[in-house]
Amino acid sequence: MSPESLEIFKSKRKDLNIMVIGDVMMDAYMWGRISRESPEAPVPIVDVDRREMRLGGAANVALNLKALGVGLGLVGCIGKDHYTDRYLDLLNASGIDASGTAILPARKTTVKTRILNGNKHVVRVDEEDLGLLSEEEEDAVIAAAAKLIKTRKWDLILFEDYNKGLLTEYIISEILNFAESKGIPTSVDPKKDQFFAYQGVSLFKPNLRELNWGMNTQVRKEDLKELAKTCLSLKKKLEADNILLTLAEAGMIWIGEELLYVPAHPRRIVDVSGAGDTVISIASVGLALGLPIKDILALANLGGGLVCEMPGVVPITGERLISKAEDLLD
């Protein structure tokens, strides 16, 4: 990380506007303790002490970007159900504009409820629709996006795909066409179903599992030469400007005009949850700022390591990222 790039990140990131579009959800938690077994079935009873609901999925990426200090907009869809107001309240409490939210009566709001015995995860309950949006629902999402698009000048559009049905080929193509017409760079955090729908994007960030799914390979994270070869094939197939492959504790590979590999920073790993959201958020900010690729990679790698030091899904603030980067420079 060069001092010049860090100074640009410090002074210019708050001038950026980034739009996130993707599968929004809520992460619900129930903490309690197991003291006995149910008389109704051979299952434990959890006596719940505390509950919490948090923004998840693409909404968590929006939280990451907000914590980094950029202006943002969020396009997503929820159901018209007993979670609707709760989700909108969470957006408002977080200072995120809810105008890009399409409320679709025929779908469920995606909620993942984790039940914990102390800090031990016992079971997860998912409420969601996995089918793609109907044509009518696609039009509602495009209308919500169009409404948000008019509010300001956008510096980057980030697609956050969790295979929950919002990012159909039609929606992806409509948003990509808009971005291309305005010269707006695009970044993608993909999943397998629409893996090759993001043609011509600026930055495509799979993890190793997604790369192997999409390319029908079984490359191991230790085989850097084969990983680079596979990423290059993916770059050509997508006609993407850059591929960023994340390898968890093994680091990252970037293939653009040049090939770069960085090992992960040595860290005391507590929880890897949310690391991917942090990496794509920081990389997208760096891309929008026009930072050199080496410096984008250094910042994203640092942020991904920092978030793993904290329990739960916790966004990294711009101030903390800058402070840690300055420590490394010193």
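**View 1. Ala248 in the turn of a hairpin.**
Let us begin with one residue: Ala248 has a relative accessible area of 59%, and because exposed means over 50%, Ala248 counts as exposed. Please keep in mind throughout that the model shown here is a predicted one. Ala248 sits in the loop that links strand E11 to strand E12 (252-255). What is the sign of phi at Ala248? Phi of Ala248 is positive, near 55 degrees, and this residue is not a glycine. Most residues other than glycine have a negative phi. The loop belongs to a hairpin of E11 and E12, with five residues between the two strands and Ala248 in the turn.

**View 2. Strand E11 and its two partners.**
Now follow the chain back from that turn into E11 (242-246). Is E11 enclosed or open to the outside? Five of the five residues of E11 are buried, so this strand is largely enclosed by the rest of the structure. In a regular strand the side chains alternate between the two faces of the sheet. Here, both faces of E11 are covered. Asn242, Leu244 and Thr246 are buried on one side, while Ile243 and Leu245 are buried on the other. E11 pairs with E12 in the antiparallel sense through four bridges, and Thr246 has Met252 of E12 as its bridge partner. Strand E10 (residues 203-204) also pairs with E11, this time in the parallel sense and over two bridges. In that pairing, Leu203 is found opposite Asn242 of E11.

**View 3. Glu239, on the way into E11.**
This view shows the loop between helix H7 (224-238) and E11, where Glu239 has its place. Glu239 has a relative accessibility of 58% and therefore counts as exposed. What value does phi take at Glu239? It is near 55 degrees, a positive value in a residue other than glycine.

**View 4. An open sheet of four strands.**
Next comes a sheet whose strands are ordered E3-E2-E6-E7, with mixed pairing. Which strands stand at the edges? They are E3 and strand E7 (120-127), and each has a single partner strand, so one side of each lacks a neighbour in the sheet. On average, and ignoring direction, neighbouring strands of this sheet are turned by 20 degrees against each other.

**View 5. Strand E2 and its neighbours in the sheet.**
Moving in on strand E2 (residues 24-37), you can see its antiparallel pairing with strand E3 (residues 44-57), which extends over 13 bridges. These two strands form a hairpin, with six residues between them. Among the pairs to look for, Tyr29 faces Glu52 of E3, and Asp27 is opposite Arg54, also in E3. How does E2 run relative to strand E6 (residues 111-117)? E2 and E6 are parallel and are joined by seven bridges. As a landmark, find Ala28 opposite Thr113 of E6. Helix H2 (residues 58-68) lies across E2 and E3 and runs at about 65 degrees to E3.

**View 6. Helices H1 and H10 packed together.**
Helix H1 (residues 3-12) packs against helix H10 (residues 318-329) at an angle of about 165 degrees, and their axes are 11 Å apart. The two helices are therefore roughly antiparallel to each other. Their crossing is left-handed. From H1, the residues in contact are Pro3, Leu6, Phe9 and Lys10, and they meet Leu321, Ile322, Ala325, Glu326 and Leu329 of H10. The residues of this contact comprise seven nonpolar, no polar and two charged.

**View 7. Helices H9 and H10 crossing.**
The last view stays with H10 and brings in helix H9 (residues 293-307): their axes come within 10 Å and cross at roughly 115 degrees. Such an angle makes H9 roughly perpendicular to H10. The handedness of this crossing is right-handed. Leu299, Leu302, Gly303 and Leu306 of H9 make the contact with Arg320, Leu321, Lys324, Ala325 and Leu328 of H10. The residues of the contact of H9 with H10 divide into six nonpolar, one polar and two charged.

Definitions and conventions:
Residues numbered from 1 in each chain as written. Predicted model: local features only at pLDDT ≥ 70, side-chain atom pairs only at ≥ 80, totals over all residues. Heavy atoms only, no water. Pairing = 2+ DSSP bridges. Axes fitted to C-alpha atoms, helices over the stretch in contact; angles between N-to-C directions. Parallel < 35°, antiparallel > 145°, perpendicular 65-115°, else oblique. Left-handed = near helix turned anticlockwise from the far one by under 90°. Contact = heavy atoms within 4.5 Å. Nonpolar A, V, L, I, M, F, W, Y, C, P; charged D, E, K, R; others polar. Buried < 20%, exposed > 50% of the residue type's maximum accessible area, 1.4 Å probe, protein only.
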